[in-house]
Structures are given as structure tokens and as C-alpha cells.
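Q: I would like to learn how to read burial, ring pairs and core packing from a set of coordinates. Can we work through one example?

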Amino acid sequence: MSTTSRRALLGAALAGAAGAAVGLPATAAHAASWQLKWQPSASSDGLGAFETVEDDRADSHPAGHPHIFATGNNWRFNMHMVDRDTSTDRQRQEVTGLRTSSSSYLKWNQGQTWRVTYSMYIPSSLKATTTFTHIMQMKQPGSGTSPIVTQSLRRVNGKQTIELNLATDGIIVGRADLDPLHDTWTDVDFQIKVGNGSAGSVRWILKSGGATVIDVSKTGVDTFLADRVRPKWGIYRSLGDTSGSLQDTYLLLTNLRGYQQV
């Protein structure tokens, strides 16, 4: 089966599951219903799919612009070794939030439960590092705010891994080998209950080639700082890596979907 067909089947399955839940009796539907709230298309919405775009915000590499753009049905994030963030010890090319129109975007508030699904292509040039390399974050909006949750590429005892880290509580929810996910499409299903103190929860599922790579969850955790939670995607990495893994690279995302539990 082609990659395009597989992604189409995944989207249809998720939409069907959400639709089926709506048709259940009221008590069951409340427990299992995901309402589709966000379904952008790279080809038609482009970067208008996102609340904000952080493309070389320090203007460190004008010749590389744009670093973030839509190409066909994918969103692409380019990272060059010369790129620098406003803090020059790191690099950042990210988008934030779920925009629904030119004047509105979704807000993930305390007490709500949200889910994002998408497919990502991690080339072998995007390697795990000894310091942080995040490809998804959950954060409170605003400059200087700490991450709440990160999906990261990290070297552990020399091994390349992908992990989900609850940064607020310092908890690794799960970790999987990165090598088998290089140069292929990986399906991501991330769910979060936005809760303060111990009222939050997360679930993280990765699938590749139709097989489940990891399916882990954690309850009783802190997933809220203040204001609201906003997702981010792209490449955000430290230049402090000691493994020699940094090089020019990119990340592809497609079939982004956002659901709220109702």
C-alpha cells in the first residue's frame, strides 16, 4: 500500500471512530466521543493552519528563508547549521496553535481534554542528541515559558531514542528506538487532559507501517502552568550536543487533526 493510501486510511479510521462515538447512547458517548475541531490542509491552508509561525525569528539566515512552508500535502521545517534562535546556543523553527480562521484559533483550557493526530517523516539527518531536540511541545503561550510536555529525540547511553517527557514533573512517559522510524512515515496520536497539580493526564501512541511502536499513558500529573496550553511543532534543538549528530536537516508533517473530548 502506498504512503498516501495508508495515511488516507488512517484519517478515515479516526474520523469514523469519532463519528461512531457520537452515535452511542448519551452516557457512552460522553465517555468516548472525540469531536473533530481542526482539519487543516497544507495544500490549501498553508501556514494559515497555525496560530503563529516562528521562522528564524532572530533573522539569522535570510538566505534560507522560508525555513517553514507548505509543499504539496506536507508542512516542511528546514534547519541549517547556521540557523540561530534569539538565544544563540540553540535553534528553533516552529509553528504554534490550531488556527480555525483568520481571526480565531482553538484554546486548550484547564479541565478540557484534547487530542492531536498526524503523520511525521523524520529523515536520518534529524538525529537524536545528547542535549534537547524537541519536535513537539505543549507550552503556555508567552515568551520565556517552560515546556509542559515535549516529544524529543534523545541519545540514551549512545542509543537514538524518541521520548515523551512531562517536563513539569520531570517524568519520562515512554521511550522508543528512533532508528526504525528514520526515513519513513510515523503516525502520532497524542492526548492530554489539561489539569493543574495532579489533575492532568497524557497518552502517547506511535505507529509505523500499521504496527504499534509504543502506546503509553500517565495519569495524576501536572499539565497546566497558567492561561492555557498551546501545542508547537517543528525543530527546536540545543547546539550543545556532544555526539556529533547535528547537521542540516528537516522535518515533514501531514494530516494534522485536532479533537476535543465532549
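A: Start with burial, and keep in mind that this is a predicted model. Residues under 20% relative accessible area count as buried. H134 has a relative accessible area of 8%, so H134 is buried.

Q: In which strand does H134 lie, and which residues does H134 touch beyond those up to four places away in sequence?
A: H134 is part of strand β9, which covers residues 133-139. Setting aside residues up to four places away in sequence, H134 touches T150, Q151, S152, G234, I235 and Y236. With S152 there is also a polar contact between the side chains, at 2.7 Å.

Q: How many aromatic pairs are there, and why is the pair W38 and F50 classed as it is?
A: The count comes to eight aromatic pairs. Planes over 60 degrees apart count as edge-to-face. The ring planes of W38 and F50 stand at 65°, with the centres 6.2 Å apart, so this pair is edge-to-face.

Q: Where in the chain do W38 and F50 lie?
A: W38 is in strand β1 (residues 34-38), while F50 is in the loop between α3 (42-45) and β2 (52-55). They are 12 residues apart, and the pair links distant parts of the chain. W38 is buried because its relative accessible area is 2%. The value for F50 is 3%, so F50 is buried.

Q: Why is the pair W108 and W114 stacked?
A: Planes under 30 degrees apart count as stacked. For W108 and W114 the planes are at 10° and the centres 5.4 Å apart, so the pair is stacked. Both residues are buried.

Q: Which residues do ring pairs link into a cluster?
A: The cluster consists of W38, F50, W75, Y118 and W233.

Q: Which charged ends sit over the rings of Y250 and Y236?
A: A charge over a ring is judged by distance and by direction relative to the ring normal. The charged end of R76 sits over the ring of Y250, 4.0 Å from its centre. Over the ring of Y236 sits the charged end of R92, 3.9 Å from the centre.

Q: Which residues have the most contacts inside the largest nonpolar core?
A: They are W108, I162, F190 and W233, in a core of 49 residues. Strand β8 (residues 113-121) gives the largest share of this core, four residues.

Q: Which residues is F190 in contact with, leaving aside neighbours within four places in sequence?
A: The contacts of F190 include W114, V116, M136, M138, V149 and L164. R115, V202, R203 and W204 are also in contact with F190.

Definitions and conventions: Residues numbered from 1 in each chain as written. Predicted model: local features only at pLDDT ≥ 70, side-chain atom pairs only at ≥ 80, totals over all residues. Heavy atoms only, no water. Helix = DSSP H or I, 4+ residues; strand = E, 2+ residues; numbered from the N terminus. Buried < 20%, exposed > 50% of the residue type's maximum accessible area, 1.4 Å probe, protein only. Polar contact = N/O pair within 3.5 Å; in protein donor to acceptor, adjacent residues only side chain to side chain. Contact = heavy atoms within 4.5 Å. Phe/Tyr/Trp six-rings, centres within 6.5 Å; stacked < 30°, edge-to-face > 60°. Lys NZ or Arg CZ within 6 Å of the ring centre and 35° of its normal. Core = buried A, V, L, I, M, F, W, Y, C linked by side-chain atoms within 4.5 Å.
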